[in-house]
Amino acid sequence: QVQVAESGGGLVSAGGSLRLSCAASGNTFNINVMAWYRQPPGKERELVASMTTGGSTNYADSVKGRFTISRDNAKNTVYLQMASLKPEDTAVYYCYVNQWIASWRQNDYWGQGTQVTVSS
């Protein structure tokens, strides 16, 4: 089992910045993709940014140029630096960890979520 814990959410004014952190612990062998998702009030959960062990990244169009994902593979930690925040970035942000077990099996783990609120 892998435990996933986020931190760093909070209340910020529009135009401000926040940094989210997520640490995976437990049986953390073969962790592949680490990512951030978010779920705005009344909406579906959506991908914000992802990063492979090799460093390849993917961003939602809505956050490109404003958010930066990074990770420390040795610490099994992923970060999301958010800048130029907008009220529409308000959401619960979830950390996602993908663990490769075999060609026919992967495990997916989620954190409990951290609230980010951007005031106008």
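Arg38, Glu46, Arg66 and Asp89 are linked in a network of salt bridges. This comes from a predicted model, and the structure as a whole holds four salt bridges. The points below take up the salt bridges and then an open sheet of four strands with antiparallel pairing.

**The salt-bridge network around Arg38**

- Arg38 forms a salt bridge with Glu46, in which the closest N and O atoms lie 2.7 Å apart, and Arg38 also forms a salt bridge with Asp89, where the closest N and O atoms are 2.9 Å apart.
- The pair of Asp89 and Arg38 links distant parts of the chain, since Asp89 lies in the loop between β8 (77-82) and β9 (91-102) while Arg38 belongs to strand β4 (residues 31-39), the two being 51 residues apart.
- Arg38 has a relative accessible area of 4% and is therefore buried, the cut-off for this term being under 20%.
- Asp89 likewise counts as buried, because its relative accessibility is 1%.
- Glu46, the other salt-bridge partner of Arg38 described here, is partly exposed, with a relative accessible area of 32%.
- Arg66 is a further member of the network that contains Arg38, Glu46 and Asp89.

**The salt bridge between Asp61 and Lys64**

- The side chains of Asp61 and Lys64 meet in a salt bridge, with a distance of 3.1 Å from N to O.
- Asp61 is exposed, with a relative accessible area of 63%, whereas Lys64 is partly exposed, with a relative accessible area of 48%.
- The class given to Asp61 follows from its relative accessible area of 63%, because exposed means over 50%.

**The four-stranded sheet**

- The strands of this open sheet follow the order β1-β3-β8-β7, and their pairing is antiparallel.
- β1 (2-7) and β7 (67-72) stand at the edges and each has a single partner strand, so one side of each is left without a neighbour in the sheet.
- On average, and with direction ignored, neighbouring strands of this sheet are turned by 15 degrees against each other.
- Strands of a sheet pair through backbone hydrogen bonds, in either a parallel or an antiparallel manner.
- β1 pairs with strand β3 (residues 18-26) in the antiparallel sense, and this pairing extends over six bridges.
- Within β3, Ser21 is the bridge partner of Ser7.

Key. Residues numbered from 1 in each chain as written. Predicted model: local features only at pLDDT ≥ 70, side-chain atom pairs only at ≥ 80, totals over all residues. Heavy atoms only, no water. Pairing = 2+ DSSP bridges. Axes fitted to C-alpha atoms, helices over the stretch in contact; angles between N-to-C directions. Buried < 20%, exposed > 50% of the residue type's maximum accessible area, 1.4 Å probe, protein only.
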